[in-house]
Amino acid sequence: MVAPSAMRTERLDARVTPEEKEMIETAANLRGTSYSDFVRMALREAALNTIREHELLTLGQESRKAFVEALLNPPKPNEKALAAAKRFKREIA
C-alpha cells in the first residue's frame, strides 16, 4: 500500500461508458470510498496482480520433479563452487 503521506502528483485519464462509470460509482459507494480513490486502488491492485502473475515461476510436471529432486538431493559442489564458497567466507563473512 502507498503511504498516506505520499504525494500524488501524476494524473491518469480514461474514457469509460456510462454503464462502467455507474458500476464504478456503485462499487466505490459500497466500499465507502470516493470514485477517484476506488479507481486508484483497483488499478493498483490489478497492476500488482499482473506483475505477480508475470513473475510467477510455472513448471511443467517433469520440470517440477527435477526441481524438487535437486532441492531434496542437491549435487555435491564442484571445484568452482568450493572455491567460490571459500572466497565468499574470506571476503564477505
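1. A salt bridge is taken here as a side-chain nitrogen of Lys or Arg within 4 Å of a carboxyl oxygen of Asp or Glu. By that criterion, a search of the whole structure, which is a predicted model, returns 3 salt bridges. They are considered in turn below, followed by the ring contacts, the largest pocket and two separations in space.

2. The pair formed by Asp37 and Arg8 has its closest N and O atoms 3.3 Å apart. Asp37 belongs to helix H2 (residues 35-55), whereas Arg8 sits in the segment before helix H1 (18-31), so this salt bridge ties together parts that are 29 residues apart in sequence. The two partners are to be described separately as regards accessibility. Arg8 is exposed, at 55% relative accessibility; Asp37 has a relative accessible area of 24% and is partly exposed.

3. Asp37 also forms a salt bridge with Arg40, and here the closest N and O atoms are 3.1 Å apart. Both residues lie in helix H2, 3 residues apart, a separation of about one helical turn. Arg40 is partly exposed, its relative accessible area being 33%. Through shared partners, the salt bridges join Arg8, Asp37 and Arg40 into one network.

4. A further salt bridge links Arg11 with Asp13, with 3.5 Å between the closest N and O atoms. Are these two residues buried or exposed? Both Arg11 and Asp13 are exposed. The cut-off behind that term is a relative accessible area over 50%.

5. On ring contacts, the structure holds 0 aromatic pairs. A charge does, however, sit over a ring: Lys21 lies over the face of Tyr35, at 5.9 Å from the ring centre. The cut-off for that distance is 6 Å, and the contact should be read with this limit in mind.

6. The largest pocket contains about 770 Å³ of space. Its lining is made up of 17 residues, and those nearest the centre are Leu12, Ser36, Val39, Arg40 and Leu43. Arg40 is thus named both among these central residues and in the salt-bridge network with Arg8 and Asp37.

7. Which helices supply at least two residues each to the lining of the largest pocket? H1 and H2 each do so. The largest share of the lining, 6 residues, comes from H2. In character, the lining residues of the largest pocket divide into 8 nonpolar, 2 polar and 7 charged.

8. Val39, one of the residues nearest the centre of the largest pocket, lies in helix H2. Val39 counts as partly exposed, at 25% relative accessibility. Between Val39 and Ala28 there are 8.1 Å in space, C-alpha to C-alpha, with the two being 11 residues apart in sequence.

9. Arg64 has its place in helix H3 (residues 61-72). With a relative accessible area of 39%, Arg64 is partly exposed. How far apart in space are Arg64 and Ser34, and what is their separation in sequence? The C-alpha atoms of Arg64 and Ser34 are 45 Å apart, and the residues are 30 apart in sequence.

Definitions and conventions
Residues are numbered from 1 along each chain as its sequence is written. This is a predicted model: local features need pLDDT of at least 70, side-chain atom pairs count only at pLDDT 80 or more; totals for chains, interfaces and linings use all residues. Side-chain values use heavy atoms; hydrogens and water are left out. Rings of Phe, Tyr and Trp (its six-membered ring) pair if their centres lie within 6.5 Å; planes under 30 degrees apart count as stacked, over 60 as edge-to-face and the rest as tilted. A charge sits over a ring if NZ of Lys or CZ of Arg is within 6 Å of the ring centre and within 35 degrees of the ring normal. Helices (H or I, at least four residues) and strands (E, at least two) are DSSP runs, numbered from the N terminus. Buried means under 20% relative accessible area, exposed over 50%, partly exposed in between (1.4 Å probe, protein chains only). On a 1 Å grid over the protein atoms alone, a cavity is a set of points where a 1.4 Å probe fits but cannot get out, and a pocket is an open set with protein on both sides within 12 Å along at least five of seven lines; lining residues have an atom within 4 Å of a point. Grid points are joined across faces, edges and corners, and a volume is the space filled by probe spheres set on the points. Ala, Val, Leu, Ile, Met, Phe, Trp, Tyr, Cys and Pro count as nonpolar, Asp, Glu, Lys and Arg as charged, and the others, Gly among them, as polar.
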